[in-house]
Amino acid sequence: MERNPIFHQTRLRLAAWYTLVMGGILGLSSLGVYSVVAHAYYETIDQGLQSVANALHKSIEPAWQQPGQLQRLNQEFYLELCVAQTNCLPKTTAIKKSITEAANPVNYYIRLLDRSGKLFASGGMEFDKLPITSELQYWQILTDSSGTRYREITLPLYTQKQISGYLQVARSITDLDQHLAYLRLALVLGLPISMIFVGLSSWWLAGRAMQPVYLSYQQMQQFTADAAHEFRTPLAAMYSTIEAAIKLQQEPKSNGGILDVLKRQNRRLSQLVGDLLLLTRIDQKQLTGEYQSCCLNDLISDLIEELAFLAVETKVNLSKQVQISEKLYVMGNEEQLYRLISNLIANAIQATSSGGKVTVFLEKSELYAMIKIQDTGIGIAVEHQQRIFDRFYRVDRDRSRTSGGSGLGLAIAIAIARAHKGNIHVQSQPGLGSIFTVRLPLSS
């Protein structure tokens, strides 16, 4: 396939398209995975942050509503607060322990804002100039001067059903950014590596997908070459014979032999064309409308009688053995079935040397009639048994006229068998002969 530029380029284009499509699918899948994972991380952080904020809100709001109770906030939710960033509430061991348990391994901070949004108190972890936005949104992402990002939630604080301040709780999302950075790195590095494997796999798959097409192309090329070879021989003989006839037209007595050669080559060429047309008709399934009930017993008897002269000429013993007393009928084209069995018997006779035997058996199974042609000829090697039914294929590559016909006999036989919903099976060993078994469905 690599030696043929057309198939090589086609394979390359197929592999490129496979790779391009798979690259798009992998790219979209990677984007989807990243979006889902990032969303899941944010959801987890938001749920945890909201849970902490709600717990603090329930503790802070009652004290917030009572003036003079801010000094007791540390006893309500166990957190260190610095009021107005100057007067810090006293620390206790309980506060320190609670912060360690709640914030590890995540850093939290809280801020209390008055109604105008100015900082009233703060606590938790230390941060570097984290801005207070003018628009107090429920969820925000803030960045301090060092570039650390925070996820912040803002809850209102009410006094007598009116907003009198705000509680802001936030946590660092550095861990989230690190996880997403690792994920992006894995996807960015993984995608090219995956594309390399996809490209190699696409090249292999394109080759596998094109293999049947390439084999068909090779068979077509071989068929064309063999057909040209078969046509060339009789045509060349006819041409030379016609030239000789023209030269000898002044000698009428010499024309008889030349015209006989011309007639013989013309018959040979006509038979070859007829075989090719028959194969075309079978391939196009143009024989189905001509089926009728055919008796195989009578068909085999006629063939044994007709081919007896060929067996006598080659000194081969031709006989039949019918294993059943009843007559077997199949639905089919009688002329084509005649051709099928005739080709097999003639091949068996030609493959058997003088003094050998060719026996035709007729048997029956539950649903099929079986015709076996057994010979004691030269046999067929295993490597040839799968190809002997190919058109123009012959075991003897020298194409000598003594080694057989055009190479279409077995191709026609198996084509007829398959057209009748049957098959042909061969068993053979070199030097021990062959058995060709034809299975045809019995007529119901």
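Helices and strands are here runs assigned by DSSP, with at least four residues for a helix and at least two for a strand, and they are numbered from the N terminus. Under that convention, Ser428 belongs to strand β13, which covers residues 423–429. The model that contains this strand is a predicted one.

The chain as a whole may be described before its details. Its secondary structure amounts to ten helices and 14 strands. The chain has 444 residues, of which 38% count as buried. Its exposed surface comes to about 26,200 Å², and carbon and sulfur atoms supply 56% of that area. Among contacts between residues at least 6 apart in sequence, 64% join residues at least 24 apart.

The confidence of the prediction should be kept in view throughout. The average pLDDT of the chain is 77, and 75% of the residues score at least 70. In residues 398–403 the pLDDT falls below 50, and the model gives this stretch 14 contacts beyond near neighbours in sequence. Residues 77–81 also have a pLDDT that stays under 50, with 27 contacts beyond four places in sequence in the model.

Strand β13 offers a local example in Ser428. Because its relative accessibility is 12%, and buried means under 20%, Ser428 counts as buried. Which residues surround Ser428, once its neighbours within four places in sequence are left aside? They are Gly379, Ile380, Gln385, Gly433 and Ser434. With Gly433 there is also a polar approach: a polar atom of the Ser428 side chain lies 3.2 Å from the backbone oxygen of Gly433.

Charged side chains provide a second theme. Side chains of opposite charge can pair when their charged atoms come close. In this model the count of salt bridges is seven. One of them joins Asp177 to Arg149, with 2.7 Å between the closest N and O atoms. This pair links distant parts of the chain, since Asp177 sits in helix α4 (residues 174–247) and Arg149 in strand β6 (residues 149–159), 28 residues apart. Asp177 has a relative accessibility of 24% and therefore counts as partly exposed. Arg149, at 24%, is likewise partly exposed.

Another salt bridge brings together the side chains of Arg171 and Asp175, at 2.7 Å from N to O. Is each partner of this bridge buried or partly exposed? Arg171 has a relative accessible area of 6% and so is buried, whereas Asp175, at 30% relative accessibility, counts as partly exposed.

A further salt bridge is formed by Asp298 and Lys327, whose closest N and O atoms are 3.3 Å apart. Here too the pair links distant parts of the chain: Asp298 lies in helix α6 (residues 296–306), and Lys327 lies in the loop between β9 (317–322) and β10 (329–332), 29 residues away. Asp298 is partly exposed because its relative accessible area is 38%. Lys327 is also partly exposed, with a relative accessibility of 44%.

Helix α6 deserves attention beyond this bridge. Its buried residues are Leu296, Asn297, Leu299, Ile300, Leu303 and Ile304. Why do these buried residues line one face of the helix? Viewed down the axis of α6, they fall within an arc of 165°, and therefore they line one face. Asp298, the salt-bridge partner in the same helix, is by contrast partly exposed.

Notes
Residues numbered from 1 in each chain as written. Predicted model: local features only at pLDDT ≥ 70, side-chain atom pairs only at ≥ 80, totals over all residues. Heavy atoms only, no water. Buried < 20%, exposed > 50% of the residue type's maximum accessible area, 1.4 Å probe, protein only. Polar contact = N/O pair within 3.5 Å; in protein donor to acceptor, adjacent residues only side chain to side chain. Contact = heavy atoms within 4.5 Å. Salt bridge = Lys/Arg side-chain N within 4 Å of Asp/Glu carboxyl O. Areas by Shrake-Rupley, 256 points an atom, 1.4 Å probe, with all protein chains shown as cover. Arc of directions from axis to C-beta. pLDDT = per-residue confidence, 0-100.
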